[in-house]
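User: I would like to take a close look at a single part of this structure and to see how its surroundings fit together. Please explain it in terms suitable for a first-year student.

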Amino acid sequence: VTPDDIDDPHELEMSMTIERDGEVVYDDATNTSEMVRSCEELVSYFTRHNTVPELAVILTGTSLVPEQPFDLQEGDRVDITVEGIGTLSNGVTTV
């Protein structure tokens with residue numbers, strides 16, 4: 001996805017699910033309009049005193065956090081979807 005593909009980065013739905021043993025144990029959503037800082041402001045800080053390589057990525061988190069007590073477990077799968085961009089899916093491994 002390129003910036004031209006996204007009409008307004010400050011108005012995208014984001015969702016997160018956590019699946020454990022085939023069952024969804026967490027499912028919630030938010031919107032980028034809830035971000036405290038705009039994309040432009042984040043990029044401004046990121047590039048202000050840093051040389052930024054081409055294709056660098058800023059990771060902001062999602063603000064989607066399960067209520068306590070909750071711990072990820074070996075074998076869980078975490079899916080984070082951003083509207084118009086795609087889904088990041090990660091399995092949990094104990095190290």
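Which helix and which strands each supply at least two residues of the lining of the largest pocket? Please begin there and then follow the strands through the rest of the sheet.

Analyst: The model discussed here is predicted. Helix 1 (39-48), strand 3 and strand 4 each contribute at least two residues to the lining of the largest pocket. The volume of this pocket is about 1100 Å³. Its lining consists of 28 residues, and those closest to the centre are Cys39, Val57, Ile58, Thr60 and Ile85. Helix 1 provides the largest share of the lining, namely five residues.

The two strands named above lead to the sheet. Four strands form an open sheet in the order 2-1-3-4, and their pairing is antiparallel. Strand 2 (23-31) and strand 4 (86-91) are the edge strands; each has a single partner strand, so one side of each lacks a neighbour in the sheet. On average, neighbouring strands of this sheet are turned by 15° against each other, direction ignored. As a general principle, the strands of a sheet pair through backbone hydrogen bonds, in either a parallel or an antiparallel manner.

Strand 1 deserves particular attention. Six bridges connect strand 1 (residues 13-20) with the antiparallel strand 3 (residues 77-82), and Glu19 stands opposite Arg77 of strand 3. Eight bridges connect strand 1 with strand 2, again in an antiparallel arrangement, and here Glu13 stands opposite Asn31 of strand 2. Strands 1 and 2 form a hairpin with two residues between the strands, in which Asp21 adopts a positive phi near 55°.

The side chains of strand 1 alternate in direction. Met14, Met16, Ile18 and Arg20 point to one face and are buried, whereas Glu13, Ser15, Thr17 and Glu19 point to the other face and are not buried. Such alternation between the two faces of the sheet is what a regular strand shows in general.

Two of the buried residues of strand 1, Met16 and Ile18, also belong to the largest nonpolar core. That core has six residues in all, and Tyr26, Leu64, Val78 and Val92 complete the set. Leu64 touches Met14, Ser15, Met16, Tyr26, Asp28, Ala29 and Thr30, when residues up to four places away in sequence are not counted.

Thr30 provides the next link, and its place is in strand 2. Thr30 has a relative accessible area of 15%, which is under the 20% limit, and therefore counts as buried. Beyond its neighbours within four places in sequence, Thr30 is in contact with Leu12, Glu13, Met14, Thr62, Ser63 and Leu64.

One of these contacts, Ser63, lies in the loop between helix 1 and strand 3. Ser63 has a relative accessible area of 59%, which is over 50%, and therefore counts as exposed. Ser63 and Met35 are 28 residues apart in sequence, while their C-alpha atoms are 8.7 Å apart in space.

At an edge of the sheet, Leu88 lies in strand 4. Leu88 is exposed, with a relative accessible area of 52%. With its neighbours within four places in sequence left aside, Leu88 is in contact with Val78, Asp79 and Ile80. Leu88 and His49 are 39 residues apart along the chain, and 29 Å separates their C-alpha atoms.

Methods: Residues numbered from 1 in each chain as written. Predicted model: local features only at pLDDT ≥ 70, side-chain atom pairs only at ≥ 80, totals over all residues. Heavy atoms only, no water. Core = buried A, V, L, I, M, F, W, Y, C linked by side-chain atoms within 4.5 Å. Buried < 20%, exposed > 50% of the residue type's maximum accessible area, 1.4 Å probe, protein only. Contact = heavy atoms within 4.5 Å. Pairing = 2+ DSSP bridges. Axes fitted to C-alpha atoms, helices over the stretch in contact; angles between N-to-C directions. 1 Å grid on protein atoms, 1.4 Å probe; cavity = no way out; pocket = protein on both sides within 12 Å on 5 of 7 lines; lining within 4 Å. Points joined across faces, edges and corners; volume = space filled by probe spheres on them.
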